[in-house]
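Trainee: I should like to learn how to read the features of a protein model. May we work through one together?

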Amino acid sequence: MTWSPYYRGDGVERRETRLPDPPPWRTFPRVSSAGLFEPPEGLIAAVNAALALRRPLLITGSPGTGKSTVIEQVAAELALGPVLRWHVTSRSTLGDALYHYDALGRIHAHRLQQERVRAGAADTGTDDIAAFMTLGPLGTALLPSDRPRALLIDEIDKADLDLPGDLLNVLERGEFRIEELRREGQELAHLRMSGGDATYPVRDGHVQCTEFPFIVMTSNGEQELPAPFLRRCLRYTMPHPTPELVREVVRRHLRLDVPESGPVADLIDDFVRRVADREPLAIDQLLSTIHLLDGPAAMDASERGALIGLLMKNLSGA
């Protein structure tokens with residue numbers, strides 16, 4: 001090969017081998033890409049309408065079009081704090097997003113305390129249910145606050161058919177109740193918030209927002225969402241990328257000015273054509289390909305073609 005390999009497949013140890021620097025979007029800890037996102041036409045108006053009306057914003061589009069990046073940019077510009085994230089799957093429930101109660105952990109802790117007492121230890125007499133509860137991302141977003149919290153509900157279209165309907169009441173009323181706290185008569189419980197160790201005092205098991213959170217829900221359009229749910233959202237569909245828009249994305253992410261012609265320009269034009277033909281491709285596939293092809297490695301035509309074929313496969317299959 002004409003480009004410097006790192007793994008050679010010969011089983012020989014090479015401690016001196018140094019891996020190349022990663023792409024900017026694959027450095028850790030992760031750095032927000034809020035400053036790199038270029039809102040397409042109409043998105044700014046949709047975001048501002050959702051903010052003014054206190055309604056969730058449902059963004060539909062192909063994978064990798066920046067749907068989940070929108071909320072990072074809004075949260076950064078409006079100082080809404082860290083983005084809370086709820087990644088929806090077919091097994092997701094509303095209860096999991098509101099709070100989690102570790103009943104088994106509480107039983108286990110109670111048994112351990114009983115064993116210590118039998119062994120001669122002092123009985124602390126503590127059995128705080130709040131120690132075994134954690135607010136979920138939606139539950140944390142609905143806590144009282146001076147400013148709205150930012151919540152991403154990612155890939156809502158992957159949910160069970162009942163989940164959007166279950167969300168309606170919570171999104172309309174901006175409140176929920178923790179029945180376990182009410183049953184035990186706990187007037188004040190300090191519950192851990194999602195994404196950290198900070199706690200918030202919850203009274204009588206009732207959480208009521210004072211500022212409705214800024215919620216962005218993303219959808220790949222894989223299933224139709226119920227009309228009553230859609231009526232309570234503002235909706236925006238990400239447009240198909242244009243060569244000009246993709247060049248700007250490449251410039252921002254890779255700090256690379258793409259000429260009007262040449263291998264990278266041809267790669268961008270091919271990507272735009274394939275997406276327009278409804279072929280499932282993501283922009284990060286293109287960025288990864290350009291990152292490698294524009295690197296220090298010298299590849300011949302066959303190697304470039306093989307690498308492009310590897311990285312630019314459509315997302316509909318393995």
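## Reading helices, a pocket and the backbone

Mentor: Certainly. Please keep in mind that this is a predicted model. Let us begin with a pair of helices, where Pro-243, Val-246, Arg-247 and Val-250 of α9 are in contact with Ala-265, Ile-268, Asp-269, Phe-271 and Val-272 of α10. By class, seven of the residues in this contact of α9 with α10 are nonpolar, none is polar and two are charged.

Trainee: At roughly what angle do the axes of α9 and α10 cross?

Mentor: Helix α9 spans residues 243-254 and helix α10 spans residues 263-276; their axes come within 10 Å and cross at roughly 125 degrees. Therefore α9 is oblique to α10. One also reads the hand of a crossing, and that of α9 and α10 is right-handed.

Trainee: Which residues of α9 meet α11?

Mentor: From α9 they are Val-246, Val-249, Val-250, His-253 and Leu-254, and they meet Ile-283, Leu-286, Leu-287, Ile-290 and His-291 in α11. Here the contact of α9 with α11 divides into eight nonpolar residues, two polar and no charged. The axes of α9 and α11 lie 11 Å apart, and the two helices pack at an angle of about 60 degrees. That angle makes α9 oblique to α11. The crossing of α9 and α11 is right-handed.

Trainee: What classes of residue make up the contact of α1 with α2?

Mentor: Let us first place the two helices. Helices α1 and α2 pack at about 60 degrees with their axes 12 Å apart, and α1 passes α2 in a right-handed crossing. Leu-43, Val-47 and Leu-51 of α1 make the contact with Val-70, Val-74 and Leu-78 of α2. In this contact of α1 with α2, six residues are nonpolar, with no polar and no charged ones.

Trainee: How does one look for empty space in a protein, and what is the volume of the largest pocket here?

Mentor: The general idea is that a probe the size of a water molecule, rolled over the atoms, shows where empty space is left. In this model, the largest pocket has a volume of about 1200 Å³. It is lined by 41 residues, of which Ser-33, Gly-64, Gly-66, Thr-69 and Ile-283 are the closest to its centre. The lining of the largest pocket has 18 nonpolar, 11 polar and 12 charged residues.

Trainee: Which helix gives the most to the lining of the largest pocket?

Mentor: That is α9, with five residues. Helices α9, α10 and α11, the last covering 283-293, each supply at least two residues of this lining. Ile-283 thus deserves a second look: Ile-283 is among the α11 residues that meet α9, and Ile-283 is also one of the residues closest to the centre of the largest pocket.

Trainee: What should one look for in the backbone itself?

Mentor: Most residues other than glycine have a negative phi, and most peptide bonds are trans. One therefore looks for departures from these general rules.

Trainee: Where does Ala-79 lie, and what is the value of its phi?

Mentor: Ala-79 lies in the loop between α2 (70-78) and β2 (84-87). The phi of Ala-79 is near 55 degrees, a positive value in a residue other than glycine.

Trainee: Is the peptide bond from Phe-28 to Pro-29 cis or trans?

Mentor: The bond from Phe-28 to Pro-29 is cis, and its omega is near -5 degrees. Pro-29 is found in the segment before α1, which covers 43-53.

Methods:
Residues numbered from 1 in each chain as written. Predicted model: local features only at pLDDT ≥ 70, side-chain atom pairs only at ≥ 80, totals over all residues. Heavy atoms only, no water. Axes fitted to C-alpha atoms, helices over the stretch in contact; angles between N-to-C directions. Helix = DSSP H or I, 4+ residues; strand = E, 2+ residues; numbered from the N terminus. Parallel < 35°, antiparallel > 145°, perpendicular 65-115°, else oblique. Left-handed = near helix turned anticlockwise from the far one by under 90°. Contact = heavy atoms within 4.5 Å. Nonpolar A, V, L, I, M, F, W, Y, C, P; charged D, E, K, R; others polar. 1 Å grid on protein atoms, 1.4 Å probe; cavity = no way out; pocket = protein on both sides within 12 Å on 5 of 7 lines; lining within 4 Å. Points joined across faces, edges and corners; volume = space filled by probe spheres on them.
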